[in-house]
Amino acid sequence: MIAPAGMRRPAALLRGLAVALSLPLLAAGCAMPRSAALQSEILRGTEDPLNGVQVVPVTRASLDELLHWPAAHPELRHNWRSTGASPAARTIRAGDLMSISVWDSQPDSLLTTTEQRVVTMNDVAVSASGRVFVPYVGEVRIAGMTTEQARREIQDRIAPIVPDGQVQLSMAPGAGNTIDVVTGVARPGRVQLPEISPTILSVLAEAGGIAPNLRNPLVRVNRAGSAMAIPARELFANPANDIQMRGGDRVMVEEDHRNFVALGAAGRQEVVYFERERISVLDGISSMGGLVSNRANLEGVMILRQYPAGAVRADGPYPRQREVIFTFDLTTADGLFAAEGFQIESGDVVLATESALPMFAQAMAMLRAGSQTVDSLGN
């Protein structure tokens, strides 16, 4: 049955109205629900020098220069003094406790008697000035000496008083001859220095080893007002990094707190922590769950980074602005290799921009649905 012309006219009007209402959706994809901006939206206006944002397309050609750029957030991670393990005798420090024994066989000895040929002075503390007091001799400076050197020094000083005397010397380490293992191990505490100074790996083993739950652990040593650090993997891999420890050293093992922020059309939108020492852009994309296949723009992966003012230069391998956007095209071999060679830094924002095609498809689906609704009303 054919509908009268008067009935067909309102249906045509409804269909035309639905098309007119849907056309703005096709032209304004930004109105569609989404989790990230389009690449064109983010880069709009950045060509203006006054904008204050530098955009750097990363390719294999530009990668050589970018590798020489300064770090945006340099950290104390690689200043380890790799001198190797050279055995060293423990030296006497202020606060150590000395046990001094003097043997003398002479009957008229000033120190001993005929019944007791040895006199022992226990727990003689080394003073803040590095000296110990010996009767009939006075103060003897022994700080900085090994136990054997200190024994000989006291022996020489006591010889005019007790010509045939023999000196024995032993030491109980004080706080200055210990190593504090503060955190990140199974058994934190104080490790006394043996006669021969141990290496860093020996100290860690004495403390029960590095806690297994630490993420990419970093080993730090504070020594005499300075600090040095090294990733645990590098410490274990190179014997030259197994340095000799000294009295007063403090050892701290902490997990890697470096992180970047994952945003946009990615599997995870969250703070992502570094699981290893170096993370390339491709590694970072994998760590954030990859890119959403039906939304992400493979030509619009971006790294947003802020540099300190001191790193900005007008020439040379330096950023021109404090705020820099690095862009990557993952649809080409050149872009993929560049993304593999470019390293993410702590504090970066990794943004996967949205593709306009899914939004266009969504708008078309809405248009078809509206048209079908009008057809059903007309019938």
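**Close-ups of a predicted model**

**View 1. Strand β1 lines up with β15.** In this predicted model, β1 and strand β15 (residues 323-328) run parallel and are joined by five bridges. Look for valine 53, which sits opposite glutamate 323 in β15. In general, strands of a sheet pair through backbone hydrogen bonds, either parallel or antiparallel.

**View 2. Pull back a little, and β1 turns out to belong to an open sheet of six strands.** Reading across, the order is β1-β15-β14-β16-β12-β13, and the pairing is mixed. The edges are β1 (53-57) and β13 (271-273), each of which pairs on one side only. From one strand to the next, the twist averages 25 degrees.

**View 3. Helix α8 has a buried side.** Which residues of helix α8 (residues 333-341) are buried? They are Gly335, Ala338 and Ala339. These residues span an arc of only 100 degrees around the axis, so they lie on the same side of α8. That fits a general pattern: an α-helix has 3.6 residues a turn, so residues three or four places apart point the same way. Over on the other side of α8, Ala333 and Phe337 are exposed. The cover over the buried residues of α8 includes α3 (60-66), α7 (281-287) and β15.

**View 4. Valine 219 is tucked into strand β9 (residues 218-223).** Is valine 219 buried or exposed? Its relative accessible area is 0%, so valine 219 counts as buried. Leaving aside residues up to four places away in sequence, valine 219 touches several others, among them Trp80, Ile200, Met228, Leu235 and Val253. Glycine 184 is 35 residues away along the chain, and its C-alpha atom is 8.8 Å from that of valine 219.

How values were computed:
Residues numbered from 1 in each chain as written. Predicted model: local features only at pLDDT ≥ 70, side-chain atom pairs only at ≥ 80, totals over all residues. Heavy atoms only, no water. Pairing = 2+ DSSP bridges. Helix = DSSP H or I, 4+ residues; strand = E, 2+ residues; numbered from the N terminus. Axes fitted to C-alpha atoms, helices over the stretch in contact; angles between N-to-C directions. Buried < 20%, exposed > 50% of the residue type's maximum accessible area, 1.4 Å probe, protein only. Contact = heavy atoms within 4.5 Å. Arc of directions from axis to C-beta.
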